[in-house]
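Visitor: I would like a close look at a single part of this structure, taken slowly. Please start with one strand and work outwards from there.

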Amino acid sequence: MADLSSPVTSKAGAATLGALPNHVAIIMDGNGRYGQRLGKIRLFGHRQGAKAVSRTVEAAARLGIKHLTLFAFSSENWKRPKDEVDGLMELFAQVLQSERERLHQNGIKVRFIGDLTRFSPQLNQAIAECEELTQNNSHMILNIALNYGGRWDIAQATRALAREVAQGKLSADAIDEAQLKAHLAVSEDVDLLIRTGGEHRISNFLLYQCAYSEFYVTDTLWPDFGRADLEAALAYFASRERRFGMTSAQVQGKAR
Ligand code: IPE
Ligand code: IPE
Ligand code: MG
């Protein structure tokens, strides 16, 4: 990853992109198909996908995105063949090792969201080290979703709230949307959800946080994704009128 303090060089730089989303979330899909189309194993696609992660994190940070959440492994992905799951675990450990210093140098705070208890002690150690190293950075917050499921997230937040009620710290009647949100793994609403690989589904990603996000689906497979694709998604976002239940006239200030 290059130094993010150097100016944006692209023609469609931050200034021309219009309103930027505060929180971008990406379902990084299509790695397996990428490998298979080239007559290689699916893991080849995952390895190329790791390079796209690096490119995209750098581009997002340069363009001024404040929160980026990447779906790297879902709570359902354990159902895949063992050699693919094992290969992915190995890849996560390698990428963490090779990228963490550069992420830190570039002021990125890395957080891992999901049920991490199922991962090996070694991977948990690498995760903890990366989070600790980058904890005081503030240029961009990067959430990596590992063994993450939106239903798991809502269940774990509910458990945490129930515990506070049982301990007498919170009254049941005080539980509202803001309380629930504050206990989720990521509390920021998603403004723009990108899915590569062409599928129009959420696959148990940030269910609560995507209540009002704009969806951008591209047929591009994740290993082919890069800065130009991110800019296309941001341009799409900037072209949307976000109405949040209101009328268009209301949003444009032409009616009450
Ligand atoms: C997404 O790519 C990466 C993970 C789920 C880990 P896929 O591996 O799902 O790729 P396709 O959808 O099979 O092509
Ligand atoms: C979603 O992709 C999970 C990740 C990108 C990590 P999947 O490939 O697992 O989604 P489905 O199974 O096609 O819905
Ligand atoms: Mg897939």
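Guide: What follows begins with one strand and then moves to the parts around that strand. The model is a predicted one.

The strand is β1, residues 23–27. Is β1 enclosed or open to the outside? Five of the five residues of β1 are buried, so the strand is largely enclosed by the rest of the structure. In a regular strand, side chains alternate between the two faces of the sheet. In β1, His 23, Ala 25 and Ile 27 are on one side, while Val 24 and Ile 26 are on the other. Both of these faces are covered.

Next come the strands that pair with β1. One of them is β2, residues 67–74, which runs parallel to β1 and is joined to β1 by five bridges. Within this pairing, Ile 27 has Phe 71 of β2 as its bridge partner. Another is β5, residues 192–195, which also pairs with β1 in the parallel sense, over four bridges. Here Ile 26 of β1 stands opposite Ile 194 of β5.

Strand β2 deserves a stop of its own, at Thr 69. Thr 69 has a relative accessible area of 0%; buried means under 20%, so Thr 69 counts as buried. Which residues does Thr 69 touch, apart from neighbours within four places in sequence? Its contacts include four residues of the β1 stretch, His 23, Val 24, Ala 25 and Ile 26. Thr 69 is also in contact with Ile 113, Asn 143, Val 186, Phe 205 and Leu 206.

Two of those contacts lead to other strands. Residues 108–113 form β3 and residues 140–148 form β4, and both are among what covers the buried residues of helix α4. Helix α3, residues 82–105, is also part of that cover. The buried residues of α4 are Leu 123, Ala 126, Ile 127, Cys 130 and Thr 134. They cover an arc of only 100 degrees around the axis, which puts them on the same side of α4. On the other side of α4, Pro 121 and Glu 132 are exposed. As for its length, α4 has 14 residues, 121–134, and at 1.5 Å a residue should span 20 Å; the C-alpha atoms at its ends are 20 Å apart, which agrees.

Now for the empty space. Rolling a probe the size of a water molecule over the atoms shows where such space is left. The largest pocket has a volume of about 820 Å³. Its lining is made up of 41 residues, and those nearest the centre are Met 28, Phe 71, Ala 72, Phe 73 and Phe 92. Phe 71 is the residue already met as the bridge partner of Ile 27. At least two lining residues come from each of α1 (31–37), α2 (42–63), β2, α3, β3 and β4.

The count of cavities of 30 Å³ or more comes to one. The largest cavity holds about 40 Å³ of space. Its lining consists of Leu 193, Arg 195, Glu 199, His 200, Arg 201, Phe 215 and Val 217. Strand β5, which pairs with β1, supplies at least two of these residues, and so does β6, residues 214–217.

Key: Residues are numbered from 1 along each chain as its sequence is written. Chains are lettered from A and ligands numbered from 1 in the order in which they are written. This is a predicted model: local features need pLDDT of at least 70, side-chain atom pairs count only at pLDDT 80 or more; totals for chains, interfaces and linings use all residues. Side-chain values use heavy atoms; hydrogens and water are left out. The expected span of a helix is 1.5 Å times one less than its number of residues. Buried means under 20% relative accessible area, exposed over 50%, partly exposed in between (1.4 Å probe, protein chains only). The arc is that of the directions from the helix axis to the C-beta atoms. Contact means heavy atoms within 4.5 Å. Two strands pair if DSSP finds at least two bridges between them. On a 1 Å grid over the protein atoms alone, a cavity is a set of points where a 1.4 Å probe fits but cannot get out, and a pocket is an open set with protein on both sides within 12 Å along at least five of seven lines; lining residues have an atom within 4 Å of a point. Grid points are joined across faces, edges and corners, and a volume is the space filled by probe spheres set on the points.
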